[in-house]
Amino acid sequence: MRIIDLRSDTVTLPTEEMRRAMYEAEVGDDVYGEDPTINKLEELSAQTLGKEAGLFTVSGTMSNLIAILVHTQPGDEIILGDEAHILWHELGSAAALGGTVLRTIPNKADGSIDPDIVEQTIRPESALLPKTTLLCLENTHNRCGGTVLTPEYTSSVVELAHQHGLQVHIDGARIFNAAVALDVPVSKLSAPADSICFCLSKSLSAPIGSVLCGTHDFVERARKRRKMLGGGMRQAGIIAAAGIVAIQKMVDRLAEDHANAKRLAQGLSQIPGIIVDPGKIQTNIVFFEPPTDMSALDFTLQMKTRGVKFNALGRRMVRAVTHRMLTSQDIDEALGRINDFVKEM
Ligand SMILES: *Cc1c(COP(=O)(O)O)cnc(C)c1O
């Protein structure tokens, strides 16, 4: 039986072209700044995102942590949405390693946070209060279902934060999905922020890595933090080579993943008992609730035995992510197997 893996777009395997680029990559010692392939990836990333410089890191989690370490001092407060990846899925690193306070405000269903609430949450200068120094946004928003923040929203909330002396970091793990969904250059989404990171290893299909972008000064300080965390890699041009292919060749095709996510959501909405809103699908993530009162975990375990894999992200929340390894026929096959299971329930 063919396994249809909808757990995450991180399961995408490197393409033939990536493997060739990796084999042929010119490399050097990157801690001395002498890996030409990494330098090229960092320049290409910065250019693409409209930033001065970039830093190749091990993972999105490391990029977010480095950004926090550069933008804040221990004891500072960070404002972020209550569904943020940084809050939920990064093991509390901002607190454990950055000594920062995470102050959440509600994420709206569209992944945004209300600028008025942001403004009310920023603490006044005081000898008694933690200093609010950073605002974190997430685009696309994972736990809000792959929702997209627009350039207009981003600019306005960043401007507000800047008026109050805050820096803004965007967790843009899937920022290219947002750009494709909105049909705007990705730089429109990244330009307003002080820093942004994105993942090479998700929909873009590279095996490893993330790039953190910002000003020259920011990246210089980020480079030291990366080394401090043990993330200074040597001839890592071997993996950066795949990242270059990812940015140059794998962005336009994301539209296929988005179409497949809509197809999946529409199909799910036809299956009795499943709760899903196909109108909400903006990129490659679909959240749905299984029939009756079945828990998300039970549903994923049952479907796994039928060769369809999902992630349970809440008691009733099942997450499906479409990606390059799945065709529209795979989506139809998955829907067929779900339908069979629901009929037998
Ligand atoms: C996946 C993800 C990350 C972390 O990336 P890793 O490379 O898995 O560490 C950060 N933020 C968001 C929104 C993500 O989806």
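This passage looks at the ligand site and then at Thr300 in a predicted model.

Start with what sits around the ligand. Its shell is made up of Ser59, Gly60, Thr61, Asn64, His85, Glu90, Glu138, Asp171, Ala173, Arg174, Cys199 and Lys202. Sorted by class, that gives two nonpolar, five polar and five charged residues. Helix H3, which runs over residues 60–71, supplies the largest share of this shell, with three residues.

Three side chains can be picked out for their N or O atoms. For Asp171, a side-chain N or O atom lies 2.6 Å from a nitrogen atom of the ligand. His85 also pairs with a ligand nitrogen atom, here with 3.4 Å between that nitrogen and an N or O atom of the His85 side chain. With Lys202 the ligand partner is an oxygen atom, found 2.7 Å from an N or O atom of the side chain. As for overall cover, the ligand on its own has 380 Å² of accessible area, and the protein covers 85% of that.

Now for Thr300, which belongs to helix H13, residues 296–305. Is Thr300 buried or exposed? Thr300 counts as buried, because its relative accessibility is 9% and the cut-off for buried is under 20%. Setting aside neighbours within four places in sequence, the residues in contact with Thr300 are Phe310, Asn311, Ala312 and Val318.

Definitions and conventions
Residues numbered from 1 in each chain as written. Predicted model: local features only at pLDDT ≥ 70, side-chain atom pairs only at ≥ 80, totals over all residues. Heavy atoms only, no water. Helix = DSSP H or I, 4+ residues; strand = E, 2+ residues; numbered from the N terminus. Buried < 20%, exposed > 50% of the residue type's maximum accessible area, 1.4 Å probe, protein only. Contact = heavy atoms within 4.5 Å. Near = heavy atom within 4 Å. Polar contact = N/O pair within 3.5 Å; in protein donor to acceptor, adjacent residues only side chain to side chain. Areas by Shrake-Rupley, 256 points an atom, 1.4 Å probe, with all protein chains shown as cover. Nonpolar A, V, L, I, M, F, W, Y, C, P; charged D, E, K, R; others polar.
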